[in-house]
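Here is a short guided tour to read with the model open beside you. Take it one topic at a time, and find each residue as you go.

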Amino acid sequence: MCLGIPGQVIRMLDGYGDQLALVDVAGEPRKVNVGMLPDETFDAGDWVIIHMGFALEKTDAVGAAAALDGLKLMGNSDGAGP
């Protein structure tokens with residue numbers, strides 16, 4: 001697993017060589033390039049891990065939750081742990 005932001009595919013966008021998806025990232029729709037995963041197909045509801053606007057990994061809800069947990073841990077500034 002890589003460290004990135006999880007997002008859920010809303011839909012693929014027409015054009016763009018079939019490489020752009022509209023993805024829900026923390027409640028905000030974002031255009032995400034899925035071109036780095038040419039062997040994958042994407043449907044509404046699929047989860048991806050995103051870094052710098054690119055989908056680096058297709059995952060499931062469990063993987064998305066783990067990525068989000070990792071991000072939350074990194075944001076824990078008091079050093080007390082979870």
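Two strands count as paired if DSSP finds at least two bridges between them. With that in mind, look at β2 and β3: they run antiparallel and are joined by 6 bridges. Please remember that this is a predicted model. The tour begins with the overall layout and then moves to the strands, the core, the charged pairs and the surface.

**Overall layout**

- The protein has 1 helix and 5 strands.
- If you walk along the chain from the N terminus, the elements come in the order β-β-β-β-β-α.
- Of the 82 residues in the protein, 29% are buried.
- The protein exposes about 5300 Å², and 56% of that area is supplied by carbon and sulfur atoms.
- Take the contacts with a separation of 6 or more: 33% of them are between residues 24 or more positions apart.

**Strand β2 and its partners**

- How many of the 6 residues of β2 are buried? The count is 5, so to speak a mostly covered strand.
- On one side of the pairing list is β1 (residues 5–12), which runs antiparallel to β2 and is joined to it by 4 bridges.
- To see this pairing for yourself, find Arg11, which stands opposite Leu22 in β2.
- For the pairing with β3, find Val23, whose bridge partner in β3 is Arg30.
- β2 and β3 form a hairpin, with 2 residues between the two strands.

**Two residues with an unusual backbone angle**

- Most residues other than glycine have a negative phi.
- Ala26 is not a glycine, yet its phi is positive, at about 55°.
- Where is Ala26? Its place is in the loop between β2 and β3, in the turn of the hairpin.
- Ala26 counts as exposed because its relative accessible area is 80%, and the cut-off for exposed is over 50%.
- Met52 also is not a glycine and has a positive phi of about 55°.
- Met52 is found in the loop between β4 (47–51) and β5 (54–59).

**The nonpolar core**

- The largest nonpolar core has 11 residues, among them Val9, Ala21, Val23, Val25, Phe42 and Ile50.
- Which elements give two or more residues to this core? They are β2 (20–25) and β4.
- β2 gives the most, with 3 residues.
- Phe42 is a good residue to zoom in on: leaving aside its neighbours within four places in sequence, Phe42 is in contact with Val9, Met12, Val34, Leu37, Val48 and Lys58.
- Several of these contact partners are also listed in the core, including Val9, Val34, Leu37 and Val48.

**Charged pairs around Lys58**

- Side chains of opposite charge can pair when their charged atoms come close.
- A search of the whole structure finds 2 salt bridges.
- One of them joins the side chains of Glu40 and Lys58, at 3.9 Å from N to O.
- Glu40 lies in the loop between β3 (28–33) and β4, while Lys58 is in strand β5, so this pair ties together parts that are 18 residues apart in sequence.
- Asp46 also forms a salt bridge with Lys58, and here the closest N and O atoms are 3.4 Å apart.
- Asp46 lies in the loop between β3 and β4, so its pairing with Lys58 in strand β5 ties together parts that are 12 residues apart in sequence.
- Salt bridges that share partners thus join Glu40, Asp46 and Lys58 into one network.
- Is Asp46 buried or exposed? Asp46 is buried, because its relative accessible area is 19% and buried means under 20%.
- Glu40 counts as partly exposed, at 37% relative accessibility.
- Lys58 counts as partly exposed too, at 27% relative accessibility.

**A nonpolar patch on the surface**

- Which residues make the nonpolar surface patch of about 420 Å²? They are Met36, Met52, Phe54 and Leu56.
- You have already visited Met52, the residue with a positive phi in the loop between β4 and β5.
- Met52 counts as exposed because its relative accessibility is 70%.

Note on methods. Residues are numbered from 1 along each chain as its sequence is written. Side-chain values use heavy atoms; hydrogens and water are left out. Patches are made of residues with over 30% relative accessible area and no salt bridge: like charges are joined within 9 Å, nonpolar side chains (Val, Leu, Ile, Met, Phe, Trp, Tyr) within 5 Å. Accessible areas come from the Shrake-Rupley method with a 1.4 Å probe; for residues, only the protein chains shown count as cover. A salt bridge is a side-chain nitrogen of Lys or Arg within 4 Å of a carboxyl oxygen of Asp or Glu. A nonpolar core is a set of buried Ala, Val, Leu, Ile, Met, Phe, Trp, Tyr and Cys residues joined through side-chain atoms within 4.5 Å. Buried means under 20% relative accessible area, exposed over 50%, partly exposed in between (1.4 Å probe, protein chains only). Contact means heavy atoms within 4.5 Å.
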